[in-house]
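Here is a friendly walk through one protein model. Have a look at it first, and then we can go over some of its parts together.

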Amino acid sequence: MADLTERHRDGCPEYDRILTALGVPRPAAASAISDLPWLPVRLFKEHELRSVPAEEVFRVLTSSGTTGAAVSRIHLDRESAAAQTRQLSRTLRAVLGSRRMPMLLVDSAATVRGRTSFSARGAGVLGMANFGRDHVYVLDEDDRPDPAAVAEFLRRHGDAPFLVFGFTFMVWRYLYEIARDHRFDLSNGVLVHSGGWKRLADRAVDNAEFRRRFAEDTGLRRIHNYYGMVEQIGTVFLEGPSGGSLYCPDFADVVVREPGTWREQPVGRPGVIEVVSTLPRSYPGHVLLTEDVGVVHGVDDGDWPGKRFSVTGRLPRAEARGCGDTFSGPRNTGPAGGRR
């Protein structure tokens, strides 16, 4: 991580000026992960920060955000894009295995068709689609639910393991509610979801209730939430089988910091989440202070080895950033429009 910091200082003059202004020496003196210099994630909304020449940029990703809000722009070269896909695969193998399963995508094919620049939602769908086969989208081209497509998918694939991916609010509204109302059997599914709980909080649905209702009403019990962001695309902190805790992959870490002093908080004490990853090489996003609040629960004492933590909310005045939380519903409104 210290070597990566120097690489970004060499490749990104703006990043070097920031660290120089903060008095960070070269090379940076770091005896622990928590000693590494961090950037506030909001900087990527306000500045173009990349560590490779513009002609080497392969893809530009943008973050989710509320209408009119500034978005992060993340510049990837081919090397970084390949490494992020490879490490995401390694992380998800813990719950998906090595064989690709038939896949339900709780989104619309229009989200990813014919684009070279992707939103966080589109990047998430496109990235996760690589881990499935025989893809079927739950929403039609106008972002309206398509129960017939789901029923046909389950007729062909429902008797064996299959993969489901979507952003949390959309999974609830456009898969759970359809499956409940149509009595679909999802018991062989493996659900991977992410994207924020704000809009579900308005419906009194938290993580525990989400898992309980899916299990009772659809039979789906293998559910894994994950925490991630476009500013560290490819790095995901996956929920363990029993729920309630997120885990760090072996190429990433989290540090929880006390607001104001920015000292590392001990286990059990909440603070602001810092995310650390070896993957960002084309832009200086390897050590980022987020606008999320969380707490580390323990190390090597849960479902999987390593650090386990949870995200408990957002800092005051921080904008909503969940991909599903920014979904606006069907593109056209008419008699066939989206359900409640």
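## A strand and its partners

Leu104 has Val164 as its bridge partner in strand S7. Keep in mind as you look that this is a predicted model. Leu104 sits within strand S4, which covers residues 101–105. S4 and S7 (residues 162–167) run parallel, and 3 bridges join them.

S4 also pairs with strand S6 (residues 132–137), again in a parallel arrangement, this time through 4 bridges. One of the pairs there is Leu105 with Tyr137 of S6.

How many of the residues of S4 are buried? The count is 5 of the 5, so the strand is largely enclosed by the rest of the structure.

## The helix just before it

Now step back along the chain to helix H4, which takes in residues 78–96. Its 19 residues reach 26 Å from the first C-alpha to the last, close to the 27 Å expected at 1.5 Å a residue. Even so, H4 has a kink of about 25°, centred on Arg90.

Which residues of H4 are buried? They are Ser80, Ala81, Ala83, Gln84, Gln87, Leu88, Thr91, Leu92, Val95 and Leu96. If you wonder about the spacing in that list, an α-helix has 3.6 residues a turn, so residues three or four places apart point the same way. You can try stepping through Ser80, Gln84, Gln87, Thr91 and Val95, which are among the buried residues.

After H4 comes Gly97, and its phi is positive, near 75°.

## Backbone oddities in the loops

Gly97 is a glycine with a positive phi, but two other residues have a positive phi without being glycines: Asp143 and Trp262. Asp143 is in the loop between S6, the strand we met as a partner of S4, and helix H6 (147–157). Trp262 belongs to the loop between strand S12 (252–257) and strand S13 (271–277).

Are these two buried or exposed to some degree? Asp143 counts as buried because its relative accessibility is 3%, under the 20% cut-off. Trp262, at 31%, counts as partly exposed because that value falls between 20% and 50%.

Another thing to look for is the peptide bond from Arg26 to Pro27, which is cis, with omega near -10°. Pro27 is found in the loop between helix H2 (13–21) and strand S1 (39–40).

Here are the backbone angles side by side:

| Place | Angle |
|---|---|
| Gly97 | phi near 75° |
| Asp143 | phi about 65° |
| Trp262 | phi about 60° |
| Arg26 to Pro27 | omega near -10° |

## Cysteines

How many disulfides does a search of the whole structure find? The search comes back with 0. As for individual cysteines, Cys12 is buried, with a relative accessible area of 0%. Cys248 has a relative accessible area of 14%, and it is buried too because that is under 20%.

## The whole protein

Zooming out, the secondary structure comes to 9 helices and 15 strands. The protein has 340 residues, and 53% of them count as buried.

What about links across the sequence? Among contacts with a separation of 6 or more, 69% are between residues 24 or more positions apart. Finally, the accessible surface comes to about 15,000 Å², and 49% of that belongs to carbon and sulfur atoms.

Notes:
Residues numbered from 1 in each chain as written. Predicted model: local features only at pLDDT ≥ 70, side-chain atom pairs only at ≥ 80, totals over all residues. Heavy atoms only, no water. Helix = DSSP H or I, 4+ residues; strand = E, 2+ residues; numbered from the N terminus. Expected span 1.5 Å × (residues − 1). Bend = angle between axes of the 7 residues up to and from the residue. Buried < 20%, exposed > 50% of the residue type's maximum accessible area, 1.4 Å probe, protein only. Pairing = 2+ DSSP bridges. Contact = heavy atoms within 4.5 Å. Areas by Shrake-Rupley, 256 points an atom, 1.4 Å probe, with all protein chains shown as cover. Disulfide = S-S within 2.5 Å.
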